[in-house]
Amino acid sequence: MVKVAIDGVVQEVRPEELLIDLINRGGGSVPHVCYHPQLGPVQTCDTCMVEIDGRLVRACAAELSDGMKISTKSAKAVAAQVEAFDRILSNHLLYCTVCDNNNGNCIVHNTTKLLAIEHQRIPFRSKPYEVDNTNPFYRYDPDQCILCGRCVEACQNVEVNETLSINWEDPNPRVLWDGGSTIQESSCVSCGHCVTVCPCNALMEKTMLGHAGFLTSLKKSALSGMIEIVKGVEPETGYGSILQVSEAESAMREHRIRKTKTVCTYCGVGCSFDVWTKDRHILKVAPEHGPANGISTCIKGKFGWGHINSEDRLTTPLIREGGKFRQASWDEALGLVARRLSAIKVNDGPDSLAFISSSKCTNEESYLMQKLARAVIGTNNVDNCSRYCQSPATAGLFRTVGYGGDSGSIADVEAADLVMIVGSNTAESHPVIATRVKSSHKLNGQKLIVSDIRENEMARRADVFLHPKPGTDIAWLSAISRYLLDNGLAHSKFLDQWVTGLAEYRKSLEPFTMEAAARISGVPEDTLKTVARMISEAKAMCILWAMGVTQHSQGSDTSTAISNLLLISGNYMRPGTGAYPLRGHNNVQGASDHGAMPNMLPGYQSVDDPEVRQRFETGWKVKLPSTKGLDNHQMVEAIYEGKLKSIYLFGEEMSIVDCNANYVADGFAKLDFFVVQDIFFSNTCRYADVVLPGAPSLEKEGTFTSTERRIQRLYQVLEPIEGCWPDWKITQEIANRMGADWSYQHPSEIMDEIASLTPMFAGVSYERLEGYKSLQWPVAADGTDEPLLYTQGFAFPDGKAKLFPVSWIGVTDAPDSKFDLHLNNGRLLEHFHEGNLTYRTEGIKEKTPDVFVEVSPELAEERGIQSGTWVQLVSRYGQVRVRALVTDRVKGRELYMPMNSVESPVNRLTSSHTDRVTNTPAYKETSVHMNVLAEVGESPLPRINSRFGHPTPQNGVQVERKWKRADYAPPGNGLVQLQTKK
Ligand code: SF4
Ligand code: SF4
Ligand code: SF4
Ligand code: FES
């Protein structure tokens, strides 16, 4: 600690603190425009000048030392602050009253007021550039840009898309996209970081423009006139009275703009943010306080909300009659559902019904769905879509460390000195987690190893990139474990103290020599040895993995091999270490956590444990079934076997996302009674007998659990559209019509019940989750949570982890002479999954209008294919017609097809082979034959897609270049301390 005096008040502080934070925390009022706590010191604006021991210094960059005397208000400091801000105003036209950014949080406005600026000494000077309106989501107005560089800092060092820069050497600097492209044609991925941090109206969400203010929807000519008038009176009245008018207007806005916290509805990162709305119009998404994301979002969370007010939302229940659907009242539809489910239960028994919960819906909704299945129907036939992705990772962790969740937090991934990514396209599937890795790798020397069969963005950034043959990760991972053990590089102290089963495990590694691993995987031995060395030298390693591992016939075993490797190298129990199976959907973790699984009651409590059942039986006042139910995969088989008569499914597009989709859809058609609950008439609805309109996340309350086991509340942003109900209410109504007596008035009451029955969630309550507060399970009764698991031992009775032997078996559906190409599949950044939600945002559709198949340049040459050539892909199970995209992201005879299509879904091609442990489909083990069709169309990815851009990587905004300009001098001429960012 050091002692410093700020404006005469002596404080004891940590020397690594930033002076600006210290001043802000103490309620001080030194102006600062470019500083943002999540960006660090940018040092472009010079408005934060303070006097330290007689010298002028930027408060955002000053290093604290013992005995410092700091004055924020000395005449010298204030003069420098005003001079600096004057320069800023010369770059910005103050027309606050007619500005959509006049919402009380405009930093330029607020600083003008703070410094009591009455007149501008340096007149406004227009920049010789047009407004850039080309991006569908946001626009840049150079005339309003104060060149603070926050956007550049955010794009270069937080998002690390490296699109933005400022041409400091130009006579008229401005923000540049790809060094001078239009926004639309640049590498910009529309993540919105830059717009979020812009301190004024230079970068604005288009949904704000003309909507936020009372006077901002006026025609441009009228607006210009008003701006002229304001400018005209300024010399006489000064800014003080003009600002008063704009503040009155801003205050009026508070009554009609609502700001409601929610959690993103798309991927499992768990970004949270305020949604600004005016009536049903979404003005903007404002990320700031999210514990997982801070200022970060991706294109979907920031701009992908077109589905909310889409005209094709379902707004009334539908009943199939005579092969067609007709509209029905809620009373009629619910009555029919209850009658038919009851009748099937009586006639064919409880196990002839099954329930599929949604990983898009809330924890409380999954809980009620499994309660309906178990307590009202009497079956354990309940599952969720983690069966399609995450179950193998969960199984691998259950086997080895005890909890089926990420062992730490995103902050641990950020802090690790080595990150290994296996089979995950993190930059597209979990974009905000990817930003943390990219940033640590770029700025903090974090090392990155990526194994993937496709050269995705993370692979391109990696220090070591492994391209194994499809489905062979288990071999090289196990070989590295063996190599570490054989060469004295394993963490023996950790193994001795915390791990059991070493001898048996070591024996199981006998076949996994480096030579054998290289043969099986195709990765050279030297590369594997390099990886082993990097692991042994790392102080803290995290391994991230996803569908490239789990969606294989050995998905569980490979996940186990990952966890084994973490144990062998001692990478659990400490910050910056651990296992991170990245959860795909926003609440896929929570759906399983809350019992939407055929073998587990909420909190992973086994259905065959009498003590557990007893607790739930007492709580629910029913007798519960004790045998494991059917999982999703088995449900489809049971339909074909005539054992399953009815399914009630909500929020899942199962006829597209399950493997061997034709087979699944034909199965649905055989059901006696099929209920589908969704917000749109999905492809799966086509097979339903009753369709019920649910509500999207913005129209309801509840909680989601993200990949880092973080439980967060979402608040109701908008009333449900007339005719739609929150899903928990629908489930409750069905249960009650079948004789239950549920009376939940609010999801918080459901959570209270969950906490009372589930030790893992004992301390979870809506009060403890208020606003941006969150909890990472397990949560003790006193509310203590565990951001980092296993700090006191592993989740087994003896507190020790278990090494679990696995062996290499081989892949299914391998290529042969007929089906000669391997087909990989996965997500795209812009679309979520099949695109039912994201295709309803026009800007996303414009950027990424269609599905495609990626073909390597060498295969394209061999087969005479160019981007836009139509091809027919034929597998052993089905066929699709799709356009080719030639790209070196894929190599040789490996193809990649994203999932973003309902018309040509990749799952028409995938097989019914599954992971041997969990029945998760082996989606990634698919072979196809490719027929090249005569037709050649446009490239399926338009030129305006970010993938065609040319980023301009640099470290932040490079303010040193500004300081070198001939016309730059530090304000007050007294600046001595120029410091680069820590
Ligand atoms: S990628 Fe685009 S939206 Fe994201 S910070 Fe960079 S310029 Fe802004
Ligand atoms: S556009 Fe960028 S440089 Fe210009 S004011 Fe906004 S954040 Fe600052
Ligand atoms: S999709 Fe994922 S990364 Fe993107 S904003 Fe939503 S939670 Fe964050
Ligand atoms: S806040 Fe801009 S230089 Fe310090």
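**Chat about ligand shells and odd backbone spots**

Trainee: By class, what's in the shell around ligand 1?
Mentor: In this predicted model, that shell has 8 nonpolar, 4 polar and no charged residues. The shell takes any residue with a heavy atom within 4 Å of the ligand. Ala, Val, Leu, Ile, Met, Phe, Trp, Tyr, Cys and Pro count as nonpolar, Asp, Glu, Lys and Arg as charged, and the others, Gly among them, as polar.

Trainee: Which residues are around ligand 1?
Mentor: Cysteines C155, C188, C191 and C194 are among them, along with Y138, L164, W177 and V189. N161, S190, G192 and H193 are there too.

Trainee: And ligand 2, how many residues surround that?
Mentor: Ligand 2 has 14 residues around it, with C145, C148, G149, C151 and C198 the closest. By class, 12 are nonpolar, 1 is polar and 1 is charged.

Trainee: OK, ligand 3. Which residues are around it?
Mentor: Cysteines again feature, namely C264, C267, C271 and C298. The others include Y266, V269, T297, K300, P431 and V432, with glycines G270 and G301 in the mix. The class split is 8 nonpolar, 3 polar and 1 charged.

Trainee: Which helices supply at least two residues each there?
Mentor: α8 (299-303) and α14 (431-443) both do. Helices here are DSSP runs of H or I, at least four residues, and strands are runs of E, at least two, numbered from the N terminus.

Trainee: Switching topic: where do α3 and α7 meet?
Mentor: On the α3 side you've got H109, T112 and K113, and they meet Y239, L243, S246 and E247 in α7 (contact is heavy atoms within 4.5 Å). By class that contact has 2 nonpolar, 3 polar and 2 charged residues.

Trainee: Which peptide bond is cis?
Mentor: The one from W777 to P778, with omega near 0°. P778 sits in the loop between β30 (774-776) and β31 (801-802).

Trainee: What's phi doing at V160?
Mentor: Phi of V160 is near 55°, so a positive value in a residue that isn't glycine. V160 lies in the loop between α4 (150-158) and β7 (164-166).

Trainee: What's the average pLDDT?
Mentor: The protein averages 94, and 99% of the residues score at least 70 (pLDDT is the predictor's confidence in each residue, from 0 to 100). Residues 975-982 fall below 50, and beyond near neighbours in sequence that stretch has 29 contacts in the model.

Trainee: What are the ground rules?
Mentor: Residues are numbered from 1 along each chain as its sequence is written, while chains are lettered from A and ligands numbered from 1 in the order written. Local features need pLDDT of at least 70, side-chain atom pairs count only at pLDDT 80 or more, and totals for chains, interfaces and linings use all residues, with side-chain values using heavy atoms and leaving out hydrogens and water.
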